[in-house]
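Work through the following exercises with the sequence and the model open beside you, and try each task before reading its solution.

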Amino acid sequence: MVIPTGSLIMDLRTFRRDFITRPLFRQAARVMPPISETEREAIDAGTVWWDGALFTGDPDWNKLLAMPPAKLTEEERAFMDGPVRQLCAMVDDWKIVWQDRDLPAEVWNFMREKKFFGMIIPKKYGGLGFSNTAHSEVVRTVSSCSVVAGVSVMVPNSLGPGELLMHFGTDEQRDYWLPRLADGREIPCFGLTSPDAGSDAAAMTDTGLVEYGMWKGKKTLGIRLNFHKRYITLGPIATVMGLAFKMHDPENHLGRGEDLGITVALLPTSTPGVSHGERHIPQFTYFQNGPLYGKDVFVPLDHILGGEERIGQGWKMLMTALAAGRGISLPSQSAASAAICARTTGAYARIRTQFNVPIGMFEGIRQPLADLAANAYLIDAARRLTVAALDEGHRPSVISAIMKYHATDRMRDSIVKAMDIHGGKAIIDGPRNYLGGQYRSVPIGITVEGANILTRNLMIFGQGAIRSHPYMLEELQALSDSDKARGLDRFDRTLWKHIGHAFATAWRAFSRGWSGGRLAPAPEGAAMPHHWQQLSRYASAFALLTDLSLATLGGALKRKEMISARLGDILSELYLLGAVLKRFEDEGRQEEDRPIVDYVMAQGQGRIAAAFAGVLDNLPARWAAVLVRLIAFPVGLPDNAPSDRLTNEVAETLMRNSPQRDRLTPDIYLGEGRQEHPLQDLEQAFALVEAADPIEKKMREKRVRDPEEARDKGIISEAEFTRLAEAKATAARVIAVDAFPMEEISPIAAQHRQTKAPRARRAAPRQSRTAGST
């Protein structure tokens, strides 16, 4: 009898499913915990993009390079060169923070008039209809001028009513609210965090009960809201808030049961029962921030964002919106800070001298200078790639988490290093301190939109392994299927694809590991193929280690947060370094930038190796750790670090006035349009000191230090003496710090002085300039 081939295959698959897969299915169901509703909604939010390619272990770098780079339209560029620069020139950050405690009224009015609050709102609703790239560039430039102004522009265009309305609002809600948000008639905020619910949204105690109440004189079915929200940016001045709350229907008016889940409503803050709390002070940055309260607030059901069909979808809506917001707002501010730190510190290291030489000549200074250049290049490369993906319609939640954590973390590293090099110049506050505001804002960026500890330990790899892995989500869904027979069949089909994928991954990791990356692929015709090959090698090793970690730890990997964090570090570095190499290609392979790219790649590969070592040293299944080492790292993990020669070369890029320095720190505000600005002085001093370098070289060759002596001896001309004097005077003005009369700083001192009899004393100017030293 001839058995049909199709029947034979079916019989073999049935045998495999019933006798091989079934025990594995039962074992997996025991070790893999069910996904909570909050986790499910977070996982379902957003889309899988390049993170999915990295999880395969064999990313096609050609696709990454083929992706069009982030680019502004002519209209967007005109907005950057016009209103954005005008806004920066209107902002005096010292006055905002230490005197007014707010943006001036004329600045708020200007932002309304020029529709800074409606950048992402489509033109048909009266907004600017700008791309994600433009949104990011505007936030970056404004933040380089003032953190307060940057936050005030950022929030209405990020996670908030505007974005949520565009994605989830009803036509009626969009038609009413979006034009009002676009022209600034309404100032929005979003109420999510409450005293008992930060990262754990399920712990939210803010409630909305479905009941009948009076609305405009009529008995209406609606929601009775009670809430306490805190840390709400723009909260003190907001006229409309997006409110997240737990919705309950104890009398089952809607026929959906009692607990309806987290829901979002649009709530005018003028609604009876809503009250603004007093202001929070976020690290003395004084952007508008504060609590909002609601007691027995009644609104009709049509206040639910998206209408009744969106009841219970609040968490998913928030996570979907956050997937974009995290990829734009904080990375843009971080890029601004990193660029400011790199540019100003390089200039200061050139003009500030100790032992008669610029401090940037000391190798101890050159190491952090090189790191500053590397951070500026990397953050902006990753930012540009991410917003380009958003402009293509991707909403990559895992990539956005990577960006949020690593951009803010490297921003912190940059500001700390910049402060170290500036010394006393940076710690004395006053109008001439251009780093103090950036330094104070660091903990804010680290904390908001998901604290960095949580993001690194739980979100990047934890969500990525489920959402971005080619098979894991489908396997988990099969395990949680209420129809066990259907779940088993689905699990069987997916599991064996996963096993085949795992063998292919192991082979790739073996061939690339044993060849030291020489057999790993690189994009066709790309510069620096060796860097691409190393990324391919690490990607295959990462995929292998991911599969073995998931197989041996199962659901326990959730609790192994340190292992999960290190796996997330590997994934993150693969994304960030790929962005760096793409930036080098997109900018036309600028040869002057090659040392920076080499430096970033050496640092990044060192971090990858350290993360691999951390996982392999601590993986409970020792056989799996040994197997990965044998397959992927037969001669041990590479020990990558930039050489001293390369470090010196990269540090020099920040100490030379060149197109490369401008390319590294583009579009940041340097005081244009202002009569006085500390960055104007710094840039002028930097240019003059650099131009005077040949003059000083003449003096050094003749062993003469005093310019007057050099002039009198004919070593330098009168014109050269004048240029040198001007350079030194301008540098001295930059190095100077602010000082204030005692009674101006301390009310106690002022009161004490008033009780004293008048006596002669030396008058102190309001803002005397005294030379700082460290």
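**Exercise 1.** Does Asp489 count as buried or exposed, and at what relative accessibility?

*Solution.* This is a predicted model, in which local features need pLDDT of at least 70 and side-chain atom pairs count only at pLDDT 80 or more, while totals for chains, interfaces and linings use all residues. Residues are numbered from 1 along each chain as its sequence is written, and side-chain values use heavy atoms, with hydrogens and water left out. Buried means under 20% relative accessible area, exposed over 50%, and partly exposed in between (1.4 Å probe, protein chains only). Asp489 has 19% relative accessibility and therefore counts as buried, whereas Arg493, at 44%, counts as partly exposed.

**Exercise 2.** Find the residue with which Asp489 forms a salt bridge, and place the pair in its helix.

*Solution.* A salt bridge is a side-chain nitrogen of Lys or Arg within 4 Å of a carboxyl oxygen of Asp or Glu. Asp489 forms one with Arg493, where the closest N and O atoms are 3.2 Å apart. Both lie in helix α19 (residues 484–514), and because they are four residues apart there, about one helical turn separates them. Helices are DSSP runs (H or I, at least four residues), and strands are runs of E of at least two, numbered from the N terminus.

**Exercise 3.** Locate Lys229 and Asp206, and state what their salt bridge ties together.

*Solution.* Their side chains meet in a salt bridge at 2.7 Å, N to O. Lys229 lies in strand β3 (residues 218–233) and Asp206 in the loop between β1 (188–191) and β2 (207–215), so the pair ties together parts that are 23 residues apart in sequence. Both Lys229 and Asp206 are buried.
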